[in-house]
Amino acid sequence: MKDIKAKILSNKKISDSYYKMTLDAPYIAKTAKPGQFVQIRCSDGLDPLLRRPFSIHRAKDLEILYEVIGKGTEVLSERKPGEHIDVLGPLGNGFGLPSAVSSQLSAILVCGGIGVAPLVFLAEELAKKKIKTTVLIGARTKNLILCEKDFKDLSAEVHIATDDGSCGHKGFVPELLGTRDMGQETRVYACGPKPMLKSITAICRKKELMCEVSLEETMACGVGVCLGCAVKVKGQGTRDKGQGCELVCKDGPVFDAKDLIWK
Ligand SMILES: Cc1cc2nc3c(=O)[nH]c(=O)nc-3n(C[C@H](O)[C@H](O)[C@H](O)COP(=O)(O)OP(=O)(O)OC[C@H]3O[C@@H](n4cnc5c(N)ncnc54)[C@H](O)[C@@H]3O)c2cc1C
Ligand code: FES
């Protein structure tokens, strides 16, 4: 992990309130694994003071895909190419990639909203390993669907669900997963809102499928110091000496779904 002053190569609005930023940060890009994230100081000044966490979207140059929702991301969207920005990373533990590839092995990526961000990097790595990949993308409405072309360019099969039925299945994206025929060697990877991850975990538990989810908790330090991002896990967890907690920034953000306690 390094704290880098990275040059902004591009920062473009891609639709609605979604932006893509590319950064010149070769160390982070080269060492990053899918599912890891960076902490970015959005402003040059002190407001907002705390860094904001963003998943590594692609790692050729370091790319993040973000949604403007508050002060930090608003400031970030106004940053210009050529400016330099503080980036700390790569942070956290990413997705578990299968080492041995059998013909039965396949992956299903389930994305909700901006949760698509880390799954494009994962799809790239799965494509390198020639693992058959299906992507289920959920969005509120048609023009908020993200990265469909990126996944198709990687030869993944893509299915869409929209809340309002303006594209694909009308309903929530876990419904697409629930109705699929999945072999025992299917691995499910998901990122999105907590209720979505909770439904996916329940489906995978029922079908006894391996499932990893990437959690998004509000973070302060991002490196395991402030204890602000603790989540409840089954058993003792790896920290807190038996309190059953783990830290999303250090132990995650990716967890084996069966280890988590969902409220
Ligand atoms: C590991 C990790 C990876 C992430 N990856 C991405 C990504 O790739 N793209 C992206 O757009 N966002 C991502 N996020 C969420 C992103 O960090 C927040 O959207 C950002 O910090 C908001 O900052 P802000 O100053 O704009 O909003 P704030 O003013 O801080 O908050 C605005 C509103 O958003 C809520 N909020 C703030 N942080 C989070 C959070 N982490 N999760 C859910 N709600 C939050 C607040 O409660 C508040 O209601 C990630 C978060 C984590 C923990
Ligand atoms: S954000 Fe500080 S411990 Fe996780």
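Rings of Phe, Tyr and Trp (its six-membered ring) count as a pair if their centres lie within 6.5 Å. In this predicted model, the structure holds three aromatic pairs, and the close-up views below show rings that take part in such contacts.

**View 1. Phe-54 and Tyr-66 form an edge-to-face pair.** The centres of the two rings lie 6.0 Å apart and their planes meet at 65°, which is over the 60 degrees required, so the pair of Phe-54 and Tyr-66 is classed as edge-to-face. The contact joins distant parts of the chain, since Phe-54 belongs to strand 4 (residues 52-55) and Tyr-66 to strand 6 (residues 62-67), with their positions 12 residues apart in numbering. Phe-54 counts as buried at 9% relative accessibility, and Tyr-66 is likewise buried, with a relative accessible area of 1%.

**View 2. Phe-95 and Tyr-189 form an edge-to-face pair.** Here the rings of Phe-95 and Tyr-189 are 5.6 Å apart from centre to centre, with an angle of 90° between the planes. This pair also links distant parts of the chain, 94 residues apart: Phe-95 lies in the loop between strand 7 (84-91) and strand 8 (106-112), whereas Tyr-189 lies in strand 12 (residues 186-191). Both Phe-95 and Tyr-189 are buried.

**View 3. Tyr-19, Phe-54 and Tyr-66 belong to one cluster.** Returning to the rings of the first view, Phe-54 and Tyr-66 are joined with Tyr-19 into a cluster by ring pairs.

**View 4. Lys-2 places its charged end over the ring of Tyr-27.** In this contact between a charge and an aromatic ring, the charged end of Lys-2 is 4.3 Å from the centre of the Tyr-27 ring.

Notes. Residues numbered from 1 in each chain as written. Chains lettered and ligands numbered in written order. Predicted model: local features only at pLDDT ≥ 70, side-chain atom pairs only at ≥ 80, totals over all residues. Heavy atoms only, no water. Phe/Tyr/Trp six-rings, centres within 6.5 Å; stacked < 30°, edge-to-face > 60°. Helix = DSSP H or I, 4+ residues; strand = E, 2+ residues; numbered from the N terminus. Buried < 20%, exposed > 50% of the residue type's maximum accessible area, 1.4 Å probe, protein only. Lys NZ or Arg CZ within 6 Å of the ring centre and 35° of its normal.
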